[in-house]
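Biologist: I would like to learn how to read a model of this kind, feature by feature. Could we begin with the strands and then move outward to the surface?

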Amino acid sequence: MSMGGGRGGGGRVSGGDFEAQRKKNEAAPKIPEIGRRIWELFRPYRGQLFVIIALVLVSAALGIIPPLITQQVFDRGLFGEGGPNMTVLGWLVGGMILIFVVSAAIGLWQALLTAKVGNRVMGDLRIKLFSHLQSMELAFFTRTKTGVIQSRLQNDVGGVSSVLTNTVSSVIGNTVTVIAAFAAMIVLSWQLTIVAVLLMPILVIAQRRVGQIRARIAGKTQESLSEMTAITQEALSVSGVLLAKTYSRQGEETARYADENATQIDLQVRQAMSGQGFFALVNIFLSSVPAVVYLVSGWLILGGDVGITAGTIVAFTTIQSRLLFPMMGLMRVALDLQTSSALFARIFEYLDLKPALVDAPNARAPRATGPDAGRIVFEDVSFRYPDAEPEDPPTLDQLSFEIEPGEFVAFVGASGSGKTTVSYLIPRLYDAQSGTVRFAGDDVKELAQERLMDQVGMVTQESYLFHATIGENLRYAKPDATDEELIAAAKSANIYDTIASFRDGFDTVVGERGYRLSGGEKQRLAIARVLLKNPPVLILDEATSALDTVSERVVQDALDQARDGRTTIAIAHRLSTVRDADTIYVLGKGRILESGTHEELLAKRGAYAELYSQQANPGA
């Protein structure tokens, strides 16, 4: 009846999952006015919602009528005075068939409407959440596991469509069914109704006991599934397969998976049998209650109760058998509603996240022309990452420098000196805690983030490529780029000849994360993508550090061409790649230790000269 945000999305909570689901609900965030916010999601479809509720009410009420007609079939049509009355029997049977047809039609209409409304709300919410996550700052994604984000989008949002069918419709339908069934049973025989009601608690107690057992098994099963998933992700990823093959460990990986698979099989069998045991108990109950009703009916008839007829007994047992599962459903209404509420709470928790970086009210685009276009200035900038400990020193400590338009500037230094952080603050991926970062003469906090990013291009150490064609990866920078523009960018990045050698050319699929290409080819493709964007400012963050010497030389030639006519900031580990920089800043503990050209810094015999000597003579 209700849905959860875990594996499988939503749906009715099974008897074995009660305790686990309750714990999951308790862990859900507390969202104020959650009922009103859920209603706001469904408000655009309120007309269809009212129709769905009306159909549920009518369908539940119609379900009680056939057993009452059955009573008349027996008492008036088959066993009335004078034998079977075919006229009466024909009308009664025809009425029953008509009710079945109408109920089926109503059920189909209700299913169509609930599917439409549920999936449309789910679609609206998924787009809303995806768009909101896109607006979050980079720090959010560095501190949040990708799997958690995917779970919100796939499992929690995916379960929204089940709310109407598995919670709202079922709760309303079960309520009406139970009320109507009890009313009909009392009308038929209040004595038999008491007998049926007294037997109900037996099944409820048994259900609770079986549910606790299944909950324990379900928890272990989920842990085992998680472990199998982790093994699969590790062993069957491209990197994992390559590692296993190079160390000849395929047999060990298979054995590790087989061991966990054996555990999973055992748990699945135990879970299936505990479920079968419960349903066997239900079947025994369903079979025993009518038998008891027959026995009590015999006593009542012997006692002179002429109101109990064969038709009454058949109609009563039919209604009673249809009452069991709606009753069980209503007994878990509280859990169903809590589960649905917890589902939406997890979604609203993400929708309520406030981006740390937002545009100022009068944010504007940076100047693309004029004497300041392409100029970057840091004025006493200090910065520490959001997850840094209070006692940790700042990543950048009152850093100041100025980069002139068209200048090629490099930042070098030991790991953790703050080089990459500088590249993050320029396009405002993070905000400095103090000081000012200026882009084209303006404080970056006064510029529209999207317009700012339009003027910055980045090539990182591990450039990301989509599992798509080369052309589609390039057009990510400029969707309306012509074929001629693609070719020009590829030639400038020294990658055109490689693309032309592929059978499908620009239509070649690069594979997941570009695995079909070498490291140098991926980097040159990333450079071509930046060139297609044609930004006035280019940031190169360790763009060649992961490449071999030959690939580095080819990529470096492409980078030299990419720098032409634009401000370029290079974050470098290999000093040989920035020897031609107009200015080299040597960073240490977030401060500038020294600056100058390559020759000037060598002459100073300071930190840069020491770094250069270490790289030139690694064994010294």
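Biologist: Which residue in strand 2 does Phe378 stand opposite?

Modeller: Before answering, keep in mind that this is a predicted model. To read a pair of strands, one looks at their direction and then at the residues that face each other across the pairing. Here Phe378 stands opposite Phe401 in strand 2, and strand 1, residues 376-383, is joined to strand 2, residues 396-403, by 5 bridges in the antiparallel sense.

Biologist: What order do the strands of the open sheet have?

Modeller: The order of a sheet is read from one neighbour to the next, and it need not follow the numbering along the chain. In this case the open sheet of 4 strands has the order 2-1-4-5, and the pairing is antiparallel. Its edge strands are strand 2 and strand 5, the latter covering residues 442-443, and each of these pairs on one side only.

Biologist: Which residue of strand 2 has a positive phi?

Modeller: A backbone angle is worth checking alongside the strand in which the residue sits. Gln398 lies in strand 2, and its phi is near 50 degrees, a positive value in a residue other than glycine. Gln398 is also partly exposed, with a relative accessibility of 47%.

Biologist: Is strand 9 mostly covered or mostly open?

Modeller: For burial one goes through a strand residue by residue, and buried here means under 20% relative accessible area. Strand 9 is mostly covered, since 6 of its 6 residues are buried, each of them falling under 20% relative accessible area. Thr583, Tyr585 and Leu587 point one way from the strand, while Ile584, Val586 and Gly588 point the other way, and all are buried.

Biologist: Which strands pair with strand 9, and in which sense?

Modeller: Strand 3, residues 408-413, is joined to strand 9 by 5 bridges and runs parallel to it, with Val409 standing opposite Thr583. Strand 10 pairs with strand 9 in the antiparallel sense, also over 5 bridges, and there Val586 stands opposite Glu594 of strand 10.

Biologist: How many residues lie between strand 9 and strand 10 in their hairpin?

Modeller: A hairpin is read by following the chain out of one strand, through the turn and into the next. This hairpin has 2 residues between its strands, and Lys589 in the turn has a positive phi of about 55 degrees, although Lys589 is not a glycine. In contrast to the buried residues of strand 9, Lys589 is exposed, with a relative accessible area of 76%.

Biologist: Why does Asp431 count as buried, and with which residue does it form a salt bridge?

Modeller: For a salt bridge it helps to read the separation of the atoms together with the exposure of both partners. Asp431 counts as buried because its relative accessible area is 19%, which is under 20%. Its partner is Arg428, with the closest N and O atoms 2.7 Å apart, and Arg428 is buried as well, at 6% relative accessible area.

Biologist: How far apart are the closest N and O atoms in the salt bridge of Arg43 with Glu40?

Modeller: In that salt bridge the closest N and O atoms are 3.1 Å apart. Arg43 is partly exposed at 33% relative accessible area, and Glu40 is partly exposed at 35%. A further case is Asp504 with Arg503, where the closest N and O atoms are 3.8 Å apart; Asp504 is partly exposed at 40%, whereas Arg503 is exposed at 81%. Salt bridges that share partners also join Arg364, Arg367, Asp442 and Glu446 into one network, and the count of salt bridges comes to 18.

Biologist: Which residues make the nonpolar surface patch, and which form the negative one?

Modeller: A patch is read as a group of residues, after which one asks where its members sit in the fold. The nonpolar patch, of about 450 Å², is made by Ile186, Trp190, Ile194 and Leu198, and its largest share, 3 residues, comes from helix 9, residues 190-236. Trp190 has its place in that helix and is exposed, with a relative accessible area of 53%. The negative patch is formed by Asp387, Glu389, Glu391 and Asp392. Asp392 is found in the loop between strand 1 and strand 2 and is partly exposed at 31%, which brings us back to the strands with which we began.

Note on methods
Residues numbered from 1 in each chain as written. Predicted model: local features only at pLDDT ≥ 70, side-chain atom pairs only at ≥ 80, totals over all residues. Heavy atoms only, no water. Patch = residues over 30% accessible without salt bridge, like charges linked within 9 Å, V, L, I, M, F, W, Y side chains within 5 Å. Areas by Shrake-Rupley, 256 points an atom, 1.4 Å probe, with all protein chains shown as cover. Salt bridge = Lys/Arg side-chain N within 4 Å of Asp/Glu carboxyl O. Lys, Arg positive; Asp, Glu negative; His and termini not counted. Charge placed at Lys NZ, Arg CZ, Asp CG, Glu CD. Buried < 20%, exposed > 50% of the residue type's maximum accessible area, 1.4 Å probe, protein only. Pairing = 2+ DSSP bridges.
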